[in-house]
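Q: I would like a close look at a single part of this model, set in the context of the chain around it. Please take it step by step.

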Amino acid sequence: MKKRGVRLTLPIVMLTAAATAFAGTTASASPSEKAEPTKASQVTPKAQAADGCYTWDRTLKEGMEGGDVKELQIRVGGYAARGAVLAVDGVFGPATKAAVARFQDAYGLSSDGVAGPNTFGKIYELQDNDCTPAHFSYAELNQCNSDWSGGPLSAAATKANALRSMWKLEALRHALGDKPIRVTSGFRSYSCNEAVGGAPSSRHLYGDGVDLGAGSHSLCTMAKAARDRGFSGILGPGYPGHNDHIHVSNRNGQSWQAPSCGM
């Protein structure tokens, strides 16, 4: 589990500037005083937070298309319907609307399926400047090498797959009470995969395969919860070689096999 960095938001910058501008006046605010909150309807997504990774500049809803929709889909991929995998295609269709609504509901927002300032604000809180979610890092998902090379895909495509898995893991973590989830293995190059005896076609080679060890939750608890978090592949206790961990991935076609967990 990684430690969050500090993100600077525009409201803080403006408050700092205001304090400087009025330096030397006789009136000063008590530390316990807070400025009157700005209504959400008066704040555009871009003004609500400055983000080092990605900042949305329009409200998104069903029927819209674009790269900003794709960025949103990556972050709500863990809120697809049970057994479904949310496409990252830049098209805001019914499945994306439903995933956004589930994300909103999970964080106590108005669950209308429209991604506006409050939804983006929550995403900004959850993501770090390298686009990874709050509680997972590229280092955790790649204990093989530093550049994501050596697999069947380009390094960029492999790293992008890992990012999508991390956002699903963040959703899984939140669904299980925001307790730590322990990653034991992520991306493997061909050589790293061979060294640990991995399957020749392992999803670890593609960057989206992740192994999780028991810790805050039992393996079966995580395996069952992963069914609602956009993972098409789940292997766990009772499946050969998986009695000490569960494996989640974004493989083609659904395969959930954890016989000891009733799956």
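In which loop does Trp148 lie?

A: In this predicted model, Trp148 lies in the loop between α6 and α7, the latter spanning residues 155-175. The backbone there deserves attention, for phi of Trp148 is near 65°, a positive value in a residue other than glycine. Most residues other than glycine have a negative phi. With a relative accessible area of 6%, Trp148 falls under the 20% cut-off and is therefore buried.

The loop on the other side of α6 offers a parallel case. Cys131 is found in the loop between α5 and α6, and its phi, near 80°, is again a positive value in a residue other than glycine. Because its relative accessibility is 19%, Cys131 also counts as buried, the limit being under 20%.

Helix α6 itself covers residues 138-141 and contains Glu140. Although Glu140 carries a charged side chain, its relative accessibility is 13%, so Glu140 counts as buried. A polar atom of the Glu140 side chain lies 3.0 Å from the backbone nitrogen of Ser137. At Tyr138, the charged end of Lys159 sits over the ring, 4.6 Å from its centre. A similar arrangement is found elsewhere in the chain, where the charged end of Arg203 sits over the ring of Tyr206, 4.3 Å from the ring centre.

Going back along the chain to helix α5, one comes to the aromatic side chains. The model holds seven aromatic pairs when ring centres within 6.5 Å are counted. One of these is formed by Trp56 and Phe120, which are stacked, with 4.7 Å from centre to centre and 10° between the planes. Trp56 lies in the loop between α2 (45-48) and α3 (67-75), whereas Phe120 belongs to helix α5 (residues 117-126), so the pair ties together parts that are 64 residues apart in sequence. Trp56 counts as buried because its relative accessibility is 0%, and Phe120, likewise at 0% relative accessibility, counts as buried too. Both rings belong to one aromatic cluster, which is made up of Tyr54, Trp56, Phe120 and Tyr124.

For the wider setting, the secondary structure of the protein chain comes to nine helices and five strands. Read from the N terminus, the elements run α-α-α-α-α-α-α-β-α-β-α-β-β-β. Of the 263 residues in the protein chain, 45% are buried, and Trp148 is one of the buried residues.

The strands bring in a further feature, the second largest pocket, which holds about 360 Å³ of space. Its lining consists of 20 residues, and those nearest the centre of the pocket are Ala199, Ser202, Leu235, His242 and His247. At least two lining residues come from each of β3 (233-235), β4 (246-249) and β5 (255-257), and β3 gives the most, with three residues. In character, the lining of this pocket divides into eleven polar, five nonpolar and four charged residues.

Taken together, the region around α6 has a buried residue with positive phi in the loop between α5 and α6, namely Cys131, and another in the loop between α6 and α7, namely Trp148. Within α6 lies the buried Glu140, whose side chain has a polar atom 3.0 Å from the backbone nitrogen of Ser137.

Definitions and conventions:
Residues are numbered from 1 along each chain as its sequence is written. This is a predicted model: local features need pLDDT of at least 70, side-chain atom pairs count only at pLDDT 80 or more; totals for chains, interfaces and linings use all residues. Side-chain values use heavy atoms; hydrogens and water are left out. On a 1 Å grid over the protein atoms alone, a cavity is a set of points where a 1.4 Å probe fits but cannot get out, and a pocket is an open set with protein on both sides within 12 Å along at least five of seven lines; lining residues have an atom within 4 Å of a point. Grid points are joined across faces, edges and corners, and a volume is the space filled by probe spheres set on the points. Helices (H or I, at least four residues) and strands (E, at least two) are DSSP runs, numbered from the N terminus. Buried means under 20% relative accessible area, exposed over 50%, partly exposed in between (1.4 Å probe, protein chains only). A polar contact is a pair of N or O atoms within 3.5 Å; within protein, one must be able to donate a hydrogen and the other to accept it, and residues adjacent in sequence count only if both atoms are side-chain atoms. Rings of Phe, Tyr and Trp (its six-membered ring) pair if their centres lie within 6.5 Å; planes under 30 degrees apart count as stacked, over 60 as edge-to-face and the rest as tilted. A charge sits over a ring if NZ of Lys or CZ of Arg is within 6 Å of the ring centre and within 35 degrees of the ring normal.
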